[in-house]
Each structure stands twice: as structure tokens, then as C-alpha cells.
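I opened the file to look up a few things and wrote them down as I went. The entries below follow the order in which I looked.

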Amino acid sequence: QVQLVESGGGLVQPGGSLRLSCAASGTIFKLYNMGWYRQAPGKERELVADTTSTTTTIYADSVKGRFTISRDNAKNAVYLLMTSLNAEDTAVYYCNAWIADNLQGPTYSYWGQGAQVTVSS
């Protein structure tokens, strides 16, 4: 069984910064893509940033230049540094990871529990 545990959400003023963390635990043979998604009230869940096992990264246009995704393969962890936050960044942020639990088995997508990020003065 694999679990993703997130931390680091909270309330921040416009222009401020936050760092989200997500660590995977359990039976992990290989971690593939790890990423962050967000869902604002009344909206669809959307991709924020993603990183491959070789640390190739992609970002949503709305966060390019403000957010930075990184990962620590030794810790099975992924991070999201968010700067210059604005009200439109308010959402629940979810960590996602594609994980194989053995050499020949399939790869499954796992989700964290979600972290609320609120940008408000």
C-alpha cells in the first residue's frame, strides 16, 4: 500500500510565498512522474506542475516563473515552491505520483490528501 502525505499549506498574503511538500511511503519499486494539481471552488482540477524521474519539468502557463517544482528521489518526495502568490492561486493542492510496486507490475496513480492554500489579505 502506498500513501502520499502532504504538508505546508496555509494562509498567505498576496505577494507571499509558500512551500508544499509531499512524501510517498509504502511499497515503492519505482517512482515515475510526480506532480501537483489544484482545484479551486467550482472549478475542475488542473495540473500545476509535473516532474519526471529524470527531473524534466512542465508548468501550467498561469504559474510559470512563479512556482518551482523539485523532487528528492532518495526521500520519495516532491516539493512545490510558490512565490508571488495571488488570489487566483487559492485552491486545494494535491500531490500526485505514478508508482510501480514491483519490477513486473503495472504503474498506478496515487493522490495525496490535499492541502488548502488561501491567498488573502
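Entry 1. Which backbone nitrogen lies 2.9 Å from a polar atom of the side chain of Glu6? I looked it up in this predicted model and found the backbone nitrogen of Cys95. I then noted a further backbone nitrogen, that of Ala115, which the side chain of Glu6 reaches at 3.3 Å.

Entry 2. I placed Glu6 in the chain: this residue belongs to strand β1, which covers residues 2-7. I also listed what Glu6 touches beyond four places in sequence. Its contacts there include Ser21, Cys22 and Trp36. Tyr93, Tyr94 and Cys95 are also among them, and so are Gly112, Gln113, Gly114 and Ala115.

Entry 3. I checked the charge of Glu6 for a partner. Glu6 is buried and has no salt bridge. The nearest side chain of opposite charge is that of Arg45, 7.8 Å away. The cut-off for a salt bridge is 4 Å, so Arg45 at 7.8 Å does not qualify. What I have for the Glu6 side chain is therefore the two backbone nitrogens, of Cys95 and Ala115, both within the 3.5 Å limit for a polar contact.

Entry 4. I moved on to Asn86. This residue sits in the loop that joins β8 (77-82) to β9 (91-100). Is Asn86 buried or exposed? I logged it as partly exposed, because its relative accessibility is 25%. Its side chain reaches the backbone nitrogen of Glu88 at 3.0 Å.

Entry 5. I looked for what else Asn86 meets. Leaving out residues up to four places away in sequence, I found that Asn86 touches Arg66 and Val119. I also took one C-alpha distance: Asn86 and Gly16 are 70 residues apart along the chain, and their C-alpha atoms are separated by 8.1 Å.

Entry 6. I stepped back to the whole protein. I counted 11 strands and zero helices. Residues 24 or more positions apart make up 55% of the contacts with a separation of 6 or more.

Entry 7. I ended with size and surface. The radius of gyration is 14 Å, which agrees with the value near 14 Å for a compact globule because the protein has 121 residues. The C-alpha atoms fill a box of roughly 50 × 25 × 25 Å along the principal axes. I found that 38% of the 121 residues count as buried. The exposed area is about 6,500 Å², and carbon and sulfur atoms supply 50% of that area.

Terms used:
Residues are numbered from 1 along each chain as its sequence is written. This is a predicted model: local features need pLDDT of at least 70, side-chain atom pairs count only at pLDDT 80 or more; totals for chains, interfaces and linings use all residues. Side-chain values use heavy atoms; hydrogens and water are left out. Helices (H or I, at least four residues) and strands (E, at least two) are DSSP runs, numbered from the N terminus. Buried means under 20% relative accessible area, exposed over 50%, partly exposed in between (1.4 Å probe, protein chains only). Lys and Arg count as positive and Asp and Glu as negative; His and the chain ends are not counted. A polar contact is a pair of N or O atoms within 3.5 Å; within protein, one must be able to donate a hydrogen and the other to accept it, and residues adjacent in sequence count only if both atoms are side-chain atoms. Contact means heavy atoms within 4.5 Å. The radius of gyration is taken over C-alpha atoms; the globule rule is 2.2 Å times the number of residues to the power 0.38. Accessible areas come from the Shrake-Rupley method with a 1.4 Å probe; for residues, only the protein chains shown count as cover.
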